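Visitor: I should like to be guided through this structure by questions and answers. May we begin once it is displayed?

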Amino acid sequence: MSVNYCGDFKQSYKDDMRVMQTPFIRICIFSFIVFLYAFPFLASTYVVSTVNVIGIAVIGALGINIVTGFTGQISLGQGAFLGVGAFACSYFMREWGIPFWVAMPMAGVFTAAVGMVFGIPSLRLKGLYLAIATLAAQFILEYLFLHMDMFTGGSNGVYFPSPEAGPVVFDTDQSMYYLIITVAIMAVVFATNLFRSKDGRAFVAVRDHYLSAEIMGIHLFRYRLLSFAVSSFYVGIAGSLWGAYTQYITPEHFTIHESINYLAMIIIGGLGSVLGSIYGAVFMTLLPQVLTVITSWAAHVLPSVGDLIMSIKEGIFGLIVILFLVFEPDGMAHRWSLIKAYWKLYPFSY
Amino acid sequence: MDRPAIQLAVEDLHLSFGGVNALMGVGFDVRQGEIFSIIGPNGAGKTSMLNCISGRYHPQKGKISFEGQEITSKPPAARAQIGISRTFQNIALFKGMTVLDNMLIGRHIHLKSGFLKGGIYLGPCQREEIEHRAFVEDIIDFLEIEHIRKKVVGTLAYGLQKRVELARALALDPKLILLDEPMAGMNLEETEDMVRYVLDINQEWGVTVILVEHDMGVVMDISDRVVVLDFGQKIGEGTPEEVQKDPAVIRAYLGDEESVFLGR
C-alpha cells in the first residue's frame, strides 16, 4: 500500500538523523559527485589545476575549522602545520622509501602530534591569548623549516616524489585531481559524521560553554587537545597533497600569510560549519583568479587606467573580504541557509 | 520509620575567595530520594555550595562524599560520571547547538564511540546514536518540548531555555540533580509547570533533588527538608515546618513574623 504524505514526515530516528534529508538532496549530491569525477574530461587543464588547489584548500579549511570554528580556539599556526605535513610526507617517502599511500596518513599523524604539542597552552589560554601562543608555533616551525636542513632542505626546499599506484604515476593535473578530490570527499564525509557523534558534539560544547561542558562530564583539556590533533591531522593531509601536487616544497609557502588566508576562508565561509569550509575555500581560491581575469580585461579595454587597476587588485581583494564580514558576518553557509529557508516557504513568507 | 540512606554528605565545608568567606563550616546530609532545599538571603553561599558539590569550586577545608565515596577533590567531569548533574542560575546552555544536541551532550558520558568511529558513523556508532536518541526523546516527551527539539537553543524564549537546561541535566541520567533557581524569572504558569517536573523527576524517576530557590511558596510546598544559610553559615535545618518556626531563620531571612508565609 502506498501512502502519499502531505509533508516530509520521518518514521524512524534513523531517517530523522540522516545528513541528506530528502531524496531530492540525495540525488543532487550524488550527481554532483558524479559530475566531479567527470570534470577533468570537460574542463581545460588550467581549470582542473584551479579545482585541485580548491580541493586542497577544502581539506585545510576543514582542519582549521575543526579547531577554530567548532572548538573555538583560534589557531594562527595553520600555515606551518601545512608545512609540517608536507615536509614529513616528503621525508618519509624520500628517506624511508615509504609509498605515498602510507606516508600521507603517517604525515597526518605526525602533524597531529606536533599540533597537540602546540595545543598544550590551550589548557590555560583562551581566545586571543591562545591565538598568540599558536602564532608562536607558526614562527618556531618556520624557523625550524629553514634550519633543519636534513629534513627540509633549508631555504632551498626539497623535491616531493610523485605518488605511484602500480603503473599509474600521479604527476599531472588530471591524475592529481582524482587523488585530491577523493581525499577531499572523504575528509568532508568524515567531518560531517564527526559533528553528529559524541566527540564532535563535545567540541562544540567546549566552544559554546566550557564550564557547563565540564559539568556534563566532558574532560576539557582532553577535548581541546583532541581538537588540535584532529585539526592538525587534516592539515597534515592537506600539506602532503600540496607537496604531491607541486612536486617541490620550500618553506616560503608555509608562512603566516597562509595561516591568515585559511583563517579568512573559514570566517567568510562560516565558522563551525562543514559546508562553510567548502564555500570559504572555493571563494578564497577563486576570488584572486577572478580578479586577475577582470583586471587584465580592464587593462585591455582601458589601457590608460589599466595599470592602476592592476596595482589595486590586492586592495580590491581586501575590500571584498571586509565587505563580506560587514554584511555577512556569519559566513556564506549562514547566507545559504537563509536562502534555503526563503525558498522553502516561497511564495508565502511564513 | 525507616529512613533512606544518606546519599550526599557534606561535612564542615570552608570556602573562601581571598578575604571573603563564602562558606564557613557548613555541613548537612542529603538522603536518597528526597527533595532537599538550600535557602538563604542573597550572598548567603547557596550557589557556592552547589558549585562545591558539582566540582566547579574546590573548598579549602571539609569533605563531600557521595554514596560513601569521597569526591571533594574530584574534577567536575568525574562527578558527572558518578551521577551528579545540575542546572545553572544563569542559563548555561550550548547556544549554538540544537535542543537535541544539547541533550545528547547530556548523554556524553554514556556514549562510547570516539572520534574515529564517529567519523565513520555507520555501524556501531549509528546504532548507539539511535539508542540514545530514543532515551533523549523520552525526556523531550516528559518535558513537553517536542516542538522545539530541532531549534537552536540561542533562539528560544527564556522559560523554554530553562526547561531545555533541565532536559540536558536529566539526559545525563543522574542519581542526584542540583537545581540552581529553576523558577527564577518565570511566570506563574511556567513556575507551576516546573514544580510539576521537579516532583515527577523526584517521585517517578527516583532522582534526589537539591534545590536552591527564592520562591518560598515552592520551597515550602515541595521540600522534604530545608537547610538555611546566611553569610556562609548554616543557621537552620529541618522540615519546612521546623524551619518556618525557627526564630533564627525568621530573623535572618524572612523578615518579621507576620509577612512571612503570605507568599504564593
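The exchange below treats chain B, its sheets and helices, and its contact with chain A, all in a predicted model.

Visitor: How many helices and strands are there in chain B?
Guide: The model is predicted, and its chain B has 264 residues, of which 44% count as buried. The count of secondary elements in chain B comes to 10 helices and 10 strands.

Visitor: What radius of gyration does chain B have, and what does the globule rule give for 264 residues?
Guide: The C-alpha trace of chain B spans about 65 × 45 × 40 Å along its principal axes. Chain B is as compact as a globular protein of its length, because its radius of gyration is close to the value from the globule rule. The radius of gyration is 19 Å, and the rule gives 18 Å.

Visitor: Which strands stand at the edges of the open sheet with the order 2-1-4-5?
Guide: This sheet of chain B has 4 strands with antiparallel pairing. An edge strand has a single partner strand, so one side of it is left without a neighbour in the sheet. In chain B this applies to strand 2 (20-31) and strand 5 (69-70).

Visitor: Which residue in strand 4 of chain B stands opposite B:Glu11?
Guide: Strand 1 (residues 6-17) and strand 4 (residues 61-66) of chain B run antiparallel and are joined by 5 bridges. The residue in strand 4 that stands opposite B:Glu11 is B:Lys63.

Visitor: Which strands stand at the edges of the sheet with the order 6-7-8-3-9-10?
Guide: This open sheet of chain B is formed by 6 strands, and its pairing is mixed. The twist from one strand to the next averages 20°. Each edge strand has a single partner strand, so one of its sides lacks a neighbour in the sheet; these are strand 6 (84-86) and strand 10 (233-238) of chain B.

Visitor: What is the bridge partner of B:Ile177 in strand 8 of chain B?
Guide: Strand 7 (residues 176-180) and strand 8 (residues 208-212) of chain B pair in the parallel sense, over 5 bridges. In strand 8, the partner of B:Ile177 is B:Val209.

Visitor: At about what angle does helix 1 of chain B run to strand 7 of chain B?
Guide: Helix 1 of chain B lies across strand 3 (35-39), strand 6, strand 7, strand 8 and strand 9 (225-230) of chain B. Its direction relative to strand 7 of chain B is given by an angle of about 150°.

Visitor: Is the crossing of helix 3 and helix 6 of chain B left-handed or right-handed?
Guide: Helix 3 and helix 6 (residues 158-171) of chain B pack with their axes 6 Å apart, at an angle of about 35°. Among the residues that meet are B:Val99 and B:Met103 in helix 3 of chain B, and B:Val164 and B:Ala167 in helix 6 of chain B. By class, this contact has 7 nonpolar, 2 polar and 1 charged residues. The crossing of the two helices is right-handed.

Visitor: Which helix of chain B gives the most to the side that touches chain A?
Guide: In all, 34 residues of chain B are in contact with 27 residues of chain A. The elements of chain B that give two or more residues to this side are helix 2 (76-81), helix 3 (99-106), helix 4 (115-120) and helix 5 (124-143). By class, the side has 19 nonpolar, 9 polar and 6 charged residues. The element that gives the most, with 5 residues, is helix 5 of chain B.

Key:
Residues are numbered from 1 along each chain as its sequence is written. Chains are lettered from A and ligands numbered from 1 in the order in which they are written. This is a predicted model: local features need pLDDT of at least 70, side-chain atom pairs count only at pLDDT 80 or more; totals for chains, interfaces and linings use all residues. Two residues are in contact if their C-beta atoms, placed from the backbone, lie within 7 Å. Ala, Val, Leu, Ile, Met, Phe, Trp, Tyr, Cys and Pro count as nonpolar, Asp, Glu, Lys and Arg as charged, and the others, Gly among them, as polar. Axes are lines fitted to C-alpha atoms, for helices over the stretch in contact, and angles run from 0 to 180 degrees between N-to-C directions. A crossing is left-handed if the near helix is turned anticlockwise from the far one by less than a right angle, and right-handed if clockwise. Two strands pair if DSSP finds at least two bridges between them. The radius of gyration is taken over C-alpha atoms; the globule rule is 2.2 Å times the number of residues to the power 0.38. A residue is buried if 20 or more other C-beta atoms lie within 10 Å of its own, exposed if 12 or fewer, and partly exposed in between; C-beta atoms are placed from the backbone.
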